[in-house]
Amino acid sequence: MNKINENKLNSKNVIKNSIIIGVSSLFLVGVLVYVNFFDNSTPKDNIQYGNQVGDNCVNQEIQLINNEEGHFEVNHQIGKVTVINFWGTWCTPCIEELPEFDELYKQYSDQVYVIAIHQAGFKEEKVNEFIQNRWPEFTIHFGLDSQDDPYFNKMGGLDVWPITTIVDKEGIIAFTHQGKISGELLTQEVTSLF
């Protein structure tokens with residue numbers, strides 16, 4: 001009788017363990033199906049973000065200035081060619097080239113977003129005053145880089161101004177240029193992406 005009870009107990013344990021393994025397996029399969037087919041919180045493709053031609057452009061929120069509310073983010077410009085220019089009020093080549101950016105924007109504003117981001121560490125009021133005194137009719141957007149987490153550094157800037165980056169309609173960096181850029185080259189690079 002003892003042997004019969006022991007066999008019944010072993011049979012119950014085998015059934016119990018089989019049920020536990022089966023339920024666990026179903027749970028694991030369910031998790032794998034969810035993560036691979038329904039969960040959109042993690043990218044499925046290995047998107048590379050960076051600051052080189054061919055990279056998805058690094059995104060960062062940039063405070064807009066010069067009487068413009070809100071902020072700029074490159075990922076909010078998908079569908080337009082985006083021109084990002086890093087400049088400073090102290091930089092003669094920067095000041096010389098900015099009218100070219102405004103001319104480009106006036107001509108192609110329906111297809112292009114142009115932002116000139118001023119170097120971090122300057123007071124917004126002083127930069128706004130400089131812009132208003134020098135270019136009161138400009139239509140391009142102006143931003144002020146973050147002192148704590150400079151976008152300039154993320155975009156590959158070291159100690160050269162100006163720097164221009166052109167991002168295509170899908171958010172991929174198509175062109176970068178360190179130093180003053182001619183209006184002809186700027187227009188050529190931008191319009192090649194239309």
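Me: Before I start counting, what counts as a helix or a strand here?

Reply: Helices are DSSP runs of H or I with at least four residues, strands are runs of E with at least two, and both are numbered from the N terminus. This is a predicted model, and its protein chain holds 5 helices and 9 strands.

Me: In what order do the elements run along the chain?

Reply: Starting at the N terminus, you read α-β-β-β-β-β-α-β-α-β-α-β-β-α. Links across the sequence matter too: among contacts between residues at least 6 apart in sequence, 69% join residues at least 24 apart.

Me: Okay, on to the sheet. How do strands pair, and what is the strand order here?

Reply: The general idea is that strands of a sheet pair through backbone hydrogen bonds, either parallel or antiparallel. In this model, an open sheet of 7 strands has mixed pairing and the order β4-β3-β7-β6-β5-β8-β9. At its edges sit β4 (71-72) and β9 (173-178), each pairing on one side only.

Me: Can you show me one pairing? Which sense do β6 and β7 take?

Reply: Parallel. Strand β6 covers residues 112-118, strand β7 covers residues 141-144, and 4 bridges connect them. To find one yourself, go to Ile115, whose bridge partner in β7 is His141.

Me: Which strands does helix α5 lie across?

Reply: Helix α5 (residues 183-191) lies across β5 (81-87), β6, β8 (163-167) and β9. Relative to β8, helix α5 runs at about 20 degrees.

Me: Now the inside. What should I expect of nonpolar side chains?

Reply: In soluble globular proteins, they tend to be buried together. Here, buried residues make up 38% of the 194 residues in the chain. The largest nonpolar core has 45 residues, and Ile84, Phe142 and Tyr151 touch the most other members. Helix α2 (residues 92-108) gives the largest share of this core, with 7 residues.

Me: Which residues does Ile84 touch?

Reply: Leaving out residues up to four places away in sequence, the contacts of Ile84 include Cys57, Phe72, Ile115, Tyr151 and Val167. Cys57 is buried because its relative accessible area is 3%, and the cut-off is under 20%.

Me: Speaking of cysteines, what is a disulfide, and how many are there?

Reply: A disulfide is a covalent bond between the sulfur atoms of two cysteines. This structure holds 1. The disulfide joins Cys91 to Cys94, with 2.3 Å from S to S. The link is right-handed, with 80 degrees about the S-S bond.

Me: Are Cys91 and Cys94 buried or exposed?

Reply: Cys91 is buried, at a relative accessible area of 3%. Cys94 is buried as well, at 0%.

Me: Last topic: aromatic rings. What describes a pair, and how many pairs are there?

Reply: A pair of aromatic rings is described by the distance of the centres and the angle of the planes. The count for this model is 13 aromatic pairs. One of them is Phe138 with Phe142, stacked at 6.5 Å centre to centre with 10 degrees between the planes. Phe138 and Phe142 are both buried.

Me: Why is the pair of Phe152 and Trp161 called stacked?

Reply: Planes under 30 degrees apart count as stacked. The planes of Phe152 and Trp161 are at 5 degrees, with centres 4.3 Å apart, so the pair is stacked. Phe152 and Trp161 are both buried. Phe152 and Trp161 also belong to a cluster linked by ring pairs, together with Phe86, Trp90 and Tyr151.

Conventions
Residues are numbered from 1 along each chain as its sequence is written. This is a predicted model: local features need pLDDT of at least 70, side-chain atom pairs count only at pLDDT 80 or more; totals for chains, interfaces and linings use all residues. Side-chain values use heavy atoms; hydrogens and water are left out. Two strands pair if DSSP finds at least two bridges between them. Contact means heavy atoms within 4.5 Å. Axes are lines fitted to C-alpha atoms, for helices over the stretch in contact, and angles run from 0 to 180 degrees between N-to-C directions. A nonpolar core is a set of buried Ala, Val, Leu, Ile, Met, Phe, Trp, Tyr and Cys residues joined through side-chain atoms within 4.5 Å. Buried means under 20% relative accessible area, exposed over 50%, partly exposed in between (1.4 Å probe, protein chains only). A disulfide is a pair of cysteine sulfur atoms within 2.5 Å. Rings of Phe, Tyr and Trp (its six-membered ring) pair if their centres lie within 6.5 Å; planes under 30 degrees apart count as stacked, over 60 as edge-to-face and the rest as tilted.
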